[in-house]
Amino acid sequence: MGKLQAGIIPVTPFQQNCTILFDDETREGVVIDPGGDVPTILEVVSENGITLREIWLTHGHIDHAGGADELREVLGIPVIGPHEADLPLLQKLEVQAEKFGVKMAARNLVPDRWLNEGDTVSFGDHVFEVFHCPGHAPGHVIYYNRKQKFAHLGDVLFNGSIGRTDLPGGDHETLLASIRDKVLPLGDDVGFICGHGPGSRIGDERRNNPFLRGL
Ligand SMILES: [Zn+2]
Ligand SMILES: [Zn+2]
């Protein structure tokens, strides 16, 4: 088994961090949150000789899930996650674009597998634990690789900020509880990629992120 590698492709007008996780020896991997720009994702994957096995979703917003159904169809691979509480969002992907005032094609979808707290997902020997972290979206999940001290946090926690909670199903107190009870306990030395902007380390956010004061 090789090392876990990550590559980021900013997609959609929201510049969402579509993330490719892959093994640097087998070149097998998964894509997290293919929100759109599917031809670009396919191009990057093939240029780098990567074979995608699964599509993992953190939550049901258009910039994260809008391209998942198209990619599933093209590659013939399953869509895994998020938590079932995001079904209403995933069934409204086609109208989310209008609401956000952006022009992008999106397709409604039902994942092949819902995820729950305590589930694991994997490719090759790389195992990720699933945590249900509602607040930004009701069905938001995060993915944590304990061995490599790496997490994908979607729109829960950003470098210097946290996910917005003014969208349908969002709740500020619930988001703070998710961060306090699920994210911070992963440990200060855990590095993460998030849905927008640069990643960070959990310890740096615990110390410096103004939104986490008092947690
Ligand atoms: Zn979101
Ligand atoms: Zn987002």
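**Exercise 1. Cysteines**

How far is the sulfur of C18 from the closest cysteine sulfur, and in which residue does that sulfur lie? Use the result to decide how C18 should be described in this predicted model.

*Solution.*
Step 1. Recall the bond in question: a disulfide is a covalent bond between the sulfur atoms of two cysteines.
Step 2. Fix the cut-off: the two sulfur atoms must lie within 2.5 Å.
Step 3. Find the distance. The closest cysteine sulfur to that of C18 belongs to C194 and is 14 Å away, which is too far for a bond.
Step 4. Repeat the test for C133. Its nearest cysteine sulfur is that of C194, at 14 Å, and C133 is in no disulfide.
Step 5. State the count: by this rule there are zero disulfides.
Step 6. Add the surroundings. C18 has a relative accessibility of 0% and counts as buried; C133, at 0%, is likewise counted as buried.

**Exercise 2. The zinc ion (ligand 1)**

Determine which residues coordinate the zinc ion (ligand 1), and explain why the arrangement is irregular.

*Solution.*
Step 1. List the donors. They are H59 through NE2, H61 through ND1, H136 through NE2 and D155 through OD, at 2.1 to 2.4 Å.
Step 2. Examine the angles. The four donor atoms subtend 89 to 173° around the zinc ion (ligand 1). A tetrahedral site would need all angles between 85 and 135 degrees, and the range found makes the arrangement irregular.
Step 3. Place the donors in the sequence. Their spacing follows the pattern H-x1-H-x74-H-x18-D.
Step 4. Locate two of them. H61 sits in the loop between β4 (51–56) and α2 (62–65), whereas D155 sits in the loop between β9 (150–152) and β10 (157–158), so this pair ties together parts 94 residues apart in sequence.
Step 5. Check the accessibility. H61 is buried, its relative accessible area being 4%, and D155 is buried too, at 3%.

**Exercise 3. The zinc ion (ligand 2)**

Describe the site of the zinc ion (ligand 2), and identify the residue that bridges the two zinc ions.

*Solution.*
Step 1. List the donors: D63 (OD), H64 (NE2), D155 (OD) and H196 (NE2), at 2.1 to 2.4 Å.
Step 2. Classify the site. The angles among its four donor atoms run from 86 to 159°, and the site is irregular.
Step 3. Note the spacing, which is D-H-x90-D-x40-H.
Step 4. Identify the bridge. D155 bridges the zinc ion (ligand 2) and the zinc ion (ligand 1), which are 3.4 Å apart.
Step 5. Consider the neighbours in sequence: both D63 and H64 are buried.

**Exercise 4. Pockets**

Establish the volume of the largest pocket, and find which helix gives the most to its lining. Then examine the second largest pocket.

*Solution.*
Step 1. Give the volume of the largest pocket, about 220 Å³.
Step 2. Consider the lining, which includes H61, P88, K92, F100 and P138.
Step 3. Assign helices. α4 (87–90) and α5 (93–100) each supply at least two lining residues, and α5 gives the most, with four.
Step 4. Sort the lining by class: seven residues are nonpolar, three polar and two charged.
Step 5. Turn to the second largest pocket, whose volume is about 160 Å³.
Step 6. Look for zinc donors in its lining. Among the lining residues are H61, D63, H136, D155 and H196. H61, H136 and D155 coordinate the zinc ion (ligand 1), while D63, D155 and H196 coordinate the zinc ion (ligand 2).
Step 7. Sort this lining by class: five nonpolar, four polar and three charged residues.

Definitions and conventions:
Residues are numbered from 1 along each chain as its sequence is written. Chains are lettered from A and ligands numbered from 1 in the order in which they are written. This is a predicted model: local features need pLDDT of at least 70, side-chain atom pairs count only at pLDDT 80 or more; totals for chains, interfaces and linings use all residues. Side-chain values use heavy atoms; hydrogens and water are left out. Donors are N, O and S atoms within 2.8 Å of the metal (3.2 Å for Na, K and Ca); water is not among the atoms, so sites may look incomplete. Four donors count as tetrahedral if all angles lie between 85 and 135 degrees; four count as square planar and six as octahedral if opposite donors are over 155 degrees apart and all others between 65 and 115; anything else is irregular. Buried means under 20% relative accessible area, exposed over 50%, partly exposed in between (1.4 Å probe, protein chains only). On a 1 Å grid over the protein atoms alone, a cavity is a set of points where a 1.4 Å probe fits but cannot get out, and a pocket is an open set with protein on both sides within 12 Å along at least five of seven lines; lining residues have an atom within 4 Å of a point. Grid points are joined across faces, edges and corners, and a volume is the space filled by probe spheres set on the points. Ala, Val, Leu, Ile, Met, Phe, Trp, Tyr, Cys and Pro count as nonpolar, Asp, Glu, Lys and Arg as charged, and the others, Gly among them, as polar.
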